Amino acid sequence: MTTENNDKEELVDQVVTENHESAIESADNLTPEQKLEEDLANEKDKFLRLFAEFENYKRRTSKERLDLFKTANQEVLQAMLPVMDDFDRAIIEIKKSEDDVLLKGVELIYEKLKSTLFAKGLEEVEVKSGDIFNADFAEAITQIPAPSPNFKGKIVDVIEKGYKLGDKIIRFPKVVIGQ
């Protein structure tokens with residue numbers, strides 16, 4: 001196999017040498033004006049390639065910058081998600097106590113927090129009981145026997161809400177599916 005590679009390398013070297021020699025011969029046959037035109041064409045080609053490379057660089061860095069701005073708050077928003085979960089649980093428990101004043105106060109604070117986070121780009125991933133389970137958008141915690149034939153392969157209960165930032169899911173909803 002190494003002899004084949006050596007033969008191929010020798011053939012490539014020969015072709016490159018012949019092309020280089022023919023380019024030198026043709027360059028010798030050119031008038032000074034033609035040489036200058038050829039040099040100018042080469043320089044224009046270099047310039048255009050460099051310009052295109054720079055434009056690609058600018059486009060790539062601006063896209064990276066936009067992506068960074070979109071997800072810059074991701075860590076802070078992820079840290080706030082357990083607080084949102086605690087508010088959800090607190091509201092459920094306060095509703096059981098039938099203390100309307102306390103419920104209204106907690107709901108006001110919760111709505112203010114929720115609207116602030118949503119203004120920063122946070123969105124809730126919409127899944128509900130009865131939806132078909134899709135592993136791309138939800139995380140199955142467990143499977144239980146389906147309460148009815150309608151719930152086979154579908155979401156029976158949503159244990160924890162999921163959230164996304166822009167198009168990226170930063171926390172998948174945790175669900176129970178029927179088997």
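## Lysine 161 and its partner

At 27% relative accessibility, K161 counts as partly exposed, because that class covers the range from 20% to 50%. This value, like the others in this report, belongs to a predicted model. K161 forms a salt bridge with E124, with the closest N and O atoms 3.9 Å apart. The pair links distant parts of the chain: K161 is in the loop between β3 (155-160) and β4, E124 is in strand β1, and 37 residues separate them. E124 has a relative accessibility of 22% and is also classed as partly exposed. The distance of 3.9 Å counts as a salt bridge because the cut-off is 4 Å.

## The three-stranded sheet

E124 also has a place in the strand pairing, where it stands opposite Y163 in β4. Strand β1 (residues 122-125) and strand β4 (residues 162-165) run antiparallel and are joined by four bridges. On the pairing with strand β5 (residues 168-171), β4 is again antiparallel, here over three bridges. Y163 stands opposite R171 in β5, and L165 stands opposite K168 in β5. Y163 thus has a facing residue in each neighbouring strand: E124 and R171.

The result is an open sheet of three strands in the order β1-β4-β5, with antiparallel pairing. β1 and β5 stand at the edges and have a single partner strand each, so one side of each is left without a neighbour in the sheet. Neighbouring strands of this sheet are turned by 40° against each other on average, direction ignored.

## The hairpin and the helix across the sheet

β4 and β5 form a hairpin with two residues between them. G166 is in the turn and has a positive phi of about 70°.

Helix α3 (residues 74-97) lies across β1, β4 and β5. The helix runs at about 50° to β5.

## Salt bridges within helix α2

Two salt bridges can be described inside helix α2, which spans residues 32-71. In one, the side chains of K46 and E43 meet at 3.7 Å, N to O. Both residues lie in helix α2, three residues apart, about one turn of the helix. K46 is exposed, with a relative accessible area of 53%, whereas E43 is partly exposed at 45%.

In the other, D45 and R49 form a salt bridge whose closest N and O atoms are 3.0 Å apart. D45 and R49 both lie in helix α2 as well, four residues apart, again about one turn of the helix. D45 counts as partly exposed at 35% relative accessibility, while R49 counts as exposed at 57%.

## A nonpolar patch

F47, L48 and F51 make a nonpolar surface patch of about 340 Å². F51 is found in helix α2 and is partly exposed, with a relative accessible area of 44%. F51 is open enough to belong to a patch because the rule asks for over 30% relative accessible area.

## Salt bridges over the whole model

The count of salt bridges comes to twelve. Among the charged residues, D85, E139, E160, R171 and K174 are linked in a network of salt bridges. R171 of this network is also the residue of β5 that stands opposite Y163.

How values were computed
Residues numbered from 1 in each chain as written. Predicted model: local features only at pLDDT ≥ 70, side-chain atom pairs only at ≥ 80, totals over all residues. Heavy atoms only, no water. Pairing = 2+ DSSP bridges. Patch = residues over 30% accessible without salt bridge, like charges linked within 9 Å, V, L, I, M, F, W, Y side chains within 5 Å. Areas by Shrake-Rupley, 256 points an atom, 1.4 Å probe, with all protein chains shown as cover. Buried < 20%, exposed > 50% of the residue type's maximum accessible area, 1.4 Å probe, protein only. Axes fitted to C-alpha atoms, helices over the stretch in contact; angles between N-to-C directions. Contact = heavy atoms within 4.5 Å.
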